[in-house]
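Trainee: I'm new to this one. Can we go through it together, one question at a time?
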There are 2 protein chains.
Amino acid sequence: MTPFSADEVLARCDVLAGISAATDGIERAYLTPEHARANWTVGEWMDAAGLDAWQDAAGNQRGTLAGPTADAPILLLGSHLDTVPGAGRYDGILGTLLAIAVVGRLRARGVELPFGLEVIGFADEEGTRFGRTLLGSCAVAGTWQESWWGLRDAHGTTVRDAFIAFGLDPARVGDASLRGQSIVGYLEAHIEQGPLLQDADRALGVVEGIMGARRFELQMTGEAGHAGGMPYGRRRDALLGASEVVTAVEALARDAGAIGTVGRLHAYPGAMNVIPGRVEFSLDLRAETDALRDRVWREIEEAALKAAASRNLAFDVHELHAARATHVAAPLAAAVEAGIRASGDAAPMRLLSKAGHDAMAIADLCDYAMLFIRCKDGVSHHRDESVRADDVALALDAFEATVLAVADAHDRAHD
Amino acid sequence: MTPFSADEVLARCDVLAGISAATDGIERAYLTPEHARANWTVGEWMDAAGLDAWQDAAGNQRGTLAGPTADAPILLLGSHLDTVPGAGRYDGILGTLLAIAVVGRLRARGVELPFGLEVIGFADEEGTRFGRTLLGSCAVAGTWQESWWGLRDAHGTTVRDAFIAFGLDPARVGDASLRGQSIVGYLEAHIEQGPLLQDADRALGVVEGIMGARRFELQMTGEAGHAGGMPYGRRRDALLGASEVVTAVEALARDAGAIGTVGRLHAYPGAMNVIPGRVEFSLDLRAETDALRDRVWREIEEAALKAAASRNLAFDVHELHAARATHVAAPLAAAVEAGIRASGDAAPMRLLSKAGHDAMAIADLCDYAMLFIRCKDGVSHHRDESVRADDVALALDAFEATVLAVADAHDRAHD
């Protein structure tokens, strides 16, 4: 297989797909044995591309290529290596491996860049294990929060204990940060995770910005009771209240042009013949503007409180995180656009990302831009996630050309 | 503590409450270490009451008191020792311990009965572990089904493997059956699990019959996808379909005067940022007549298929069991009524059981009757389940008098 080719990138996506905690779809969560094995594997590939590979103090897999001088700034490239449960093989992974291949191609051609390069395989973008997303990229951005040490996974393990079990020192998480360093910017390639490029018959697209998301843990509490004995008039069925919220989320978000998803829902105690006394569920809410998103949340909260009151239930909200909508930096986006043009698309399509990305966290550290790659039918976070080999080849060309365009712009600015 | 007193019965309920797989409410499922320990403990109490204690081939805890002759028939007394998750301490347990105390009182007084007695602490009434209820009492009734060996618990363990791990021989399950034996009938005391006795200011009641229940495992299947990237028009969100069914169950059952409960619901893959591709949920449906219950099921199924069609989901149904509504035998119910009158209530209240009981399964073997005991606010299948000590004392008197009334009727019939 040709080194640094699209075929190699796709074969490596297949290799990583085998590193999974589950067999019915990929599952690779933060600070797990699968995480360690994926890092080790990707580190080997980084070395083969000429990068100096290392794992940082937050578990991110990084590869460094020194710049022309000791004080040269660095350009960051990357995406994430973790997955949701039941994942496909391209979300995050493809962008990380494209970045490594781009470095390998530039090195093979002997290209000299005016900055150093660093490829980062972020360790936790999805938030699968601890509920809070972007832990890996926040560590790099220097925005790690002390309160996160106490977050627990489904088995009650804290982030702090998981760090120690993984071989990391919680006290040194600050070492992962690039804050204070001279950074040109951050570039991320990623599958679209939506159907717009396919609908427009395009392989690639320029991202204009990333919708902000708010994530909540919600709870309805009533009272468990016998499914036969307790008459309707006296029931305090938490699942009925929660179900009304689930349908209200769709109605209210859809009407407003926002997107709301209840991805988790579990009824307790969870027996066939027991009225559910408590339901835990989640809400992920996104919109083009933070103002719209926040207005829809207020409407949802109002509907939930009303449903709870009418059924004598208690409704509790715990906000896990709120990410502001972010916008790409125009000069970097222009480089992405130039890169796509160089791959043969004369008028690249621009689109907004409804999905969150590591770039949202890195936006606190430096400018960013993103390149989107078409995926089949917009399917993502699912084992049927699929990309075309010829699209990956175009993405590789475009991403390499983007780095060169950034270098050109850098040279012009510093002449 | 006075032997065979209400105080002793209540203290023993407290002892059994400590035999639990969970600490936040009682959980004692079929063929678990807690089941074995409860059986052993109850066996000691059976021995102390003069019963010959043994565990049968299906894991039921039984205690035998021989009749006056080798071919004398037997009167069965009992209830169950297993619990739902997050249970209280009286459902099933109280009836079993009352039966033991009644035998102890009769023996202490030297009463000679015209039949043998057998007290049974049934091993699986709730169906908590394998989904199918009444496994213990069906084994005694001789209606054990071969297909049950393959039922699996949440960890994938089959009934067959659980039998072996518990020390039972699946091939000998038939030994638990009383089919072919001469049986006077079956008497069961149980908390009401509803509020009707409390509303009527009564301690005890005569059961007229038990509503039939049907239980289903339901599934909505759509497609998992990214919570941000996938637009509403293309979503196949299984949780939205399931939530519509949950609310339809309430509306349709309530309107028809039936009772429907969705006790279990779990969304998969169960991540905050993933559209649920599949939801598994349960339905427990009861009504005063089987015809009404079956009509309501057809309406619910129609509503579910409509919800599924409108959202491009697949709706699947697996019926776990259907129990016919059963009626008590008038002569045995008359004995229960006489027993309650003997305890001081001149005109005992009659009521229908909306909850299922071991008596439903035993009805295939012999006649049955039941005595209901008031419980606080009708709360059951919940840690707040509560009974009054003076009600338990009345129940003990009434249950003992019931056995004597059965003996009188038996003597009159055989004179």
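Mentor: Sure, a term to begin with: a polar contact is a pair of N or O atoms within 3.5 Å; within protein, one must be able to donate a hydrogen and the other to accept it, and residues adjacent in sequence count only if both atoms are side-chain atoms. This is a predicted model, where local features need pLDDT of at least 70, side-chain atom pairs count only at pLDDT 80 or more, and totals for chains, interfaces and linings use all residues. Residues are numbered from 1 along each chain as its sequence is written, chains are lettered from A in the order in which they are written, and side-chain values use heavy atoms, leaving out hydrogens and water.

Trainee: How many residue pairs are in polar contact between chain B and chain A?
Mentor: Both residues of a pair must be at pLDDT 80 or more. On that basis, the count between the two chains is 21.

Trainee: Which residue of chain B forms a salt bridge with Asp199(A)?
Mentor: A salt bridge needs a side-chain nitrogen of Lys or Arg within 4 Å of a carboxyl oxygen of Asp or Glu. Chain B and chain A share four of them. In the one with Asp199(A), the closest N and O atoms are 2.8 Å apart, and the partner is Arg234(B).

Trainee: What relation links chain B to chain A?
Mentor: Superposing by least squares on the C-alpha atoms of residues with pLDDT of at least 70 in both, chain B lands on chain A with an RMSD of 0.1 Å. That takes a turn of 180° and a shift of 0.0 Å along the axis. So the relation is that of a two-fold axis.
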